[in-house]
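Trainee: I'd like to learn how to read helix packing, sheets and cores in a model. Could you walk me through one?

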Amino acid sequence: YYERNEGEPMNFQEYVDKMGAMTCVVSVENLGNGRYGDVRLVAGNKAYVGSIEDPAPEAVLLKRKFIPNALYTDYLTRDLNFEEFCYSAAVEKKCLHSYAKPDRLDVCFNMIFLPINYEEGNTCYCTYTMEIDLKPDTSKMSSVTSIAAGKVMDICLKLRNTSDFRASMGEVLEDIRDICDAELCCVLLMDNYYRKCSVFCEALSKDTSLKSMTNYINDDFYNIAESWESTVIAGSNCLIAKNEQYMEVVRERNPIWYKSLTDAGCKNVVLFPMRFNDNLLGYVWAVNYDPENAMTIKQTLEATVFILASEINNYLLLDRLKVLSSRDMLTGVMNRNEMNNYIAKLCGDEGYGDWTVKEVLDEADADSVGVLFADLNGLKTINDEYGHNEGDKMLKDAAHIISEVFDPDEIFRAGGDEFVVIKCGISEAELIRRMHHIVKKAEENDGVLFALGACHVTDRKKVREALRMADNRMYEDKKAYYEKHPERKIR
């Protein structure tokens, strides 16, 4: 209990000394119109001062001597989220709670910000109370507003009761866009091995002038996204830049990204990293949102991002397993097992409901099927004389040539040196034209020699007959090649 006579200056030290948990008084300079100046640590109780002067081993502090009324940035790297909470509590007189794990530390902070009904000119005050958890406490993590909790529950249900994860993610992202009242919301994935970014899904408002993020993703964008963690996030758990003052910090920290944002018409941005087991999967971000809802947005996304990261990680894992089970790892085309599934599907065999090859078109011309066999001449000789590395290069070059003419999902490595193309909805003339195109491309590559055979049928259920005929024609082509080049005939 603290008592002060009216008109008497407030004794902040006496005030915080009555607090049991780590507590300090924070002052915020109110500049009006949603802007603020200095944020200072006015006074701290013994527990809070001890967290600065005798910090935990993993804590990184710029200064380890507490000086009353010093700027908080004397001790910690600037954190826009901390400033936003202090401003909302001190100036807007809101009672706030947050539970977060800063990226710079391996601990979680349970934080409470309470307004103090006392001002000195344009200086406003609040208390900042915190406790540290060495491990995340989900009960505290779930302490969000009923609005945010309801939104998070809706998202969980949509992702759990779906057979089409990407479609459901699109609906979820539309919900997140509505929560933020944003013009654009996006899930951006980062492939840290290949150093590439991709848009997993996005939602744009109907009346926005913003363009899809796919227009900006190129080979250089990974370098921009890679810089977010160390600059704009800067040790916090997210970035919420809600007005010009916050965006100016983004400009100072990352001028290249700031220019990219403003050139695209972005006025504000919220950016949350998605992590699973400390691995960065990518980011969820919203652009041109309602700044008045900044706190609700933060609470909702903090809880949502945990769920999205887990679900997306599982989806990507299953996708990788599908690739491993359906693709030939050396050449990148489909493998023989997937070819057998595809043929069974075309023939109407039962028991082949789910498969990774794209579905056959429903149009009438999809009833026709073109089959092309492509066998490599001289692969065994290459392996015997130059080693398997050269042989593998020849196989990859061959797959690349065929993939320039046909979709890789329609190409199958049926055996060691044998490739099969199965193309639905193609005319016989187009099939022959593409076969000649492969011959021409192979002639431009001295290391690849094909024996080719093609067959076209108007009933896709006769695909097995087409395969046998194309195989026979390929062997006739191979025989003719070795009759012309007897010195290259395999012994």
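Trainee: At roughly what angle do the axes of helix α6 and helix α10 cross?

Mentor: Bear in mind that this model is predicted. The axes of α6 (residues 165–180) and α10 (residues 294–326) cross at roughly 170° and come within 12 Å. Angles over 145 degrees count as roughly antiparallel, so that is how α6 runs relative to α10.

Trainee: Which residues make the contact?

Mentor: From α6, they include F165, M169, V172 and I176, and from α10, I297, L301, L308 and Y315 are among them. By class, the residues of this contact divide into eleven nonpolar, two polar and two charged.

Trainee: Now the sheet: what is the order of its strands?

Mentor: Generally, strands of a sheet pair through backbone hydrogen bonds, either parallel or antiparallel. Here five strands form an open sheet in the order β8-β7-β11-β10-β9, and the pairing is antiparallel. β8 (196–204) and β9 (239–241) are at the edges with a single partner strand each, so each has one side without a neighbour in the sheet. Inside the sheet, six bridges join β7 to β11, and L189 stands opposite G282 in β11.

Trainee: Which strands does helix α8 touch?

Mentor: Helix α8 (residues 244–253) packs on the sheet, touching β9 and β10. Helix α9 (residues 255–263) also packs on the sheet, touching β9, β10 and β11.

Trainee: And which residues touch the most other members of the largest nonpolar core?

Mentor: In soluble globular proteins, nonpolar side chains tend to be buried together. In this model, the largest nonpolar core has 64 residues, and V26, W228, L239 and W257 touch the most other members. L239's contacts include L80, V232, W257 and L271. Another core, of 33 residues, lies apart from that one, with M274 and I297 among its members.

Notes
Residues are numbered from 1 along each chain as its sequence is written. This is a predicted model: local features need pLDDT of at least 70, side-chain atom pairs count only at pLDDT 80 or more; totals for chains, interfaces and linings use all residues. Side-chain values use heavy atoms; hydrogens and water are left out. A nonpolar core is a set of buried Ala, Val, Leu, Ile, Met, Phe, Trp, Tyr and Cys residues joined through side-chain atoms within 4.5 Å. Buried means under 20% relative accessible area, exposed over 50%, partly exposed in between (1.4 Å probe, protein chains only). Contact means heavy atoms within 4.5 Å. Axes are lines fitted to C-alpha atoms, for helices over the stretch in contact, and angles run from 0 to 180 degrees between N-to-C directions. Helices (H or I, at least four residues) and strands (E, at least two) are DSSP runs, numbered from the N terminus. Angles under 35 degrees count as roughly parallel, over 145 as roughly antiparallel, 65 to 115 as roughly perpendicular and the rest as oblique. Ala, Val, Leu, Ile, Met, Phe, Trp, Tyr, Cys and Pro count as nonpolar, Asp, Glu, Lys and Arg as charged, and the others, Gly among them, as polar. Two strands pair if DSSP finds at least two bridges between them. Lists of a residue's contacts leave out its neighbours within four places in sequence.
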